[in-house]
Amino acid sequence: MSSAERVLDEILARAEESSIFTDRDKLTPDYVPESLPFREEQVAKLAGILVQVLRGYRANNVFIYGLTGTGKTAVARLVSGRISEKARELGRPVDTVYVNCRMRDTEYRVLADILEALGRPVPFTGLSISELESRLRRVLEATGRRLVIVLDEIDYLLRKQGDNLLYRLTRMNSHLQRGSVTVVGITNDIKLVESLDPRVKSSLGEEEIVFPPYNAPQLKRILEERARLAFKPAVLEEGVIDLCAAIAAREHGDARKALDLLRTAGEIAEREGSPKVTVEHVKKAQSQLERDRVYEVVSTLPLHAKLVLLAATRVATARGRATTGETYAEYTRLAQALGLEPVTARRATDIISELDMLGILHARVVSRGRYGKTKMVTLAADRRSIENALRDDEVLSRLLPPS
DNA sequence: CCTCCACAGGAAGCGCAGGAGT
DNA sequence: ACTCCTGCGCTTCCTGTGGAGG
């Protein structure tokens, strides 16, 4: 089934009465649960910092980091949500804004979102960045409001636009007579933050909160809690939650992954018309998620990366593994067959390393003595999933027989 | 112990596209 | 409209290297 069909399927499945779910959305990544098990410490710390705005002071900037699926977003949303509720209750001039920098990955869009949250919407284009910035300053100055800006997945913004906006936001306070700005930055890429301008780094890092990965028993508790909200009673077979937790624990304790597995397993069970979600459904869910991931990664690869991947796949299938030299030779043949000028071997080795980092190939450097040093390449993903994704490329489809 | 294979992977630079500043 | 700048994909040139075979 293509991913388009699957999406359609999913939507239509929700139209009819479900035999499995009571509320499937409780398992989606953007649901913010009311309680966050094993994150009491982080919630308390963040709340302790941000509560200053309710007392009429500027709160310190906060920098939050941890791997994917460790609850960073959920904690930030929960705390900032409660802060603004409390502010309304007490009639305090406080605003909180949540911006996901992956979706809003330019300075303009981030500032536009902030202004919109303050009730000062701006056109989606046409103004300069500095105009938006001075509008923001004027609003804060005029109303004396204390603003908390949560910038989630801030690494996307940094990669694309640099740290300019961050620098100006954190510095804005020194120009304000009234009101204030607090920035809560969330990231899972610590390396990127190391490369920040030291001034930004020190002002954003006034406070730091670390989110460690969950272990298997913790994931289990989290899943059990969510399952109670999402599934009809007793539809989960023995061992289903344990398996989801175990798989996700193996992948650096990623709670999102665990929830994805459980939700997808439920969806598969529903589609099959099964009255129960079984361990088998979880296994199917795992391979479906893996297929989707491979497709997503492979189909967005540039042409020559796809060709190198195809070459490596062919050699590895024929011989069990492939060296850089073998892969490059095969790649050159493929490129020429398509009338393309091949990239150099130097570039090809980089492409192989990139494919390794994407988790599509394994590339291990080995020395074979007399026979030189090379990278041994094997497939890190299912061969058919890879070929499937490659076949969808217009140029490459001629090289692959239809399935 | 030394050699020397078959690459790994660093450094520098080039052409290009796209965005910012003027 | 124009320059200037930057990042990206890539090439060219290069030095480095683990260990089987001599």
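Which element gives the largest share of the surface near DNA strand B? Keep that in mind as you go round this predicted model.

**Start with confidence.** Colour chain A by pLDDT. The average is 88, and 94% of the residues score at least 70. Select helix α2, residues 40-50: its mean pLDDT of 96 is the highest among the elements of chain A. Now select helix α8, residues 190-194, which has the lowest mean, 65. Where pLDDT is low, the predicted coordinates should not be read in detail.

**Next, DNA strand B.** Show the 13 residues that surround it; T324, R346, T349, G369 and G372 are the closest. Of the strand B atoms within 4 Å of the protein, 62% are sugar and phosphate. Zoom in on T324. One of its polar side-chain atoms lies 2.5 Å from a phosphate oxygen of strand B. Move to G325, where a backbone N or O atom is 3.1 Å from a sugar or linking oxygen of strand B. Then pick K375: an N or O atom in its side chain is 3.2 Å from a phosphate oxygen of strand B. Helices α15 (324-337) and α16 (345-357) and strand β8 (373-379) each give two or more residues to this surface. The largest share, 3 residues, comes from β8. By type, the surface has 2 nonpolar, 7 polar and 4 charged residues.

**Last, DNA strand C.** Select the residues around it, including P342, V343, Y371 and K373. They divide into 3 nonpolar, 4 polar and 4 charged. Look at T344, with a side-chain N or O atom 2.8 Å from a phosphate oxygen of strand C. At R347, a polar side-chain atom lies 2.7 Å from a phosphate oxygen of strand C. Finish at R370: a backbone N or O atom is 3.2 Å from a sugar or linking oxygen of strand C.

Key:
Residues numbered from 1 in each chain as written. Chains lettered and ligands numbered in written order. Predicted model: local features only at pLDDT ≥ 70, side-chain atom pairs only at ≥ 80, totals over all residues. Heavy atoms only, no water. pLDDT = per-residue confidence, 0-100. Helix = DSSP H or I, 4+ residues; strand = E, 2+ residues; numbered from the N terminus. Near = heavy atom within 4 Å. Polar contact = N/O pair within 3.5 Å; in protein donor to acceptor, adjacent residues only side chain to side chain. Nonpolar A, V, L, I, M, F, W, Y, C, P; charged D, E, K, R; others polar.
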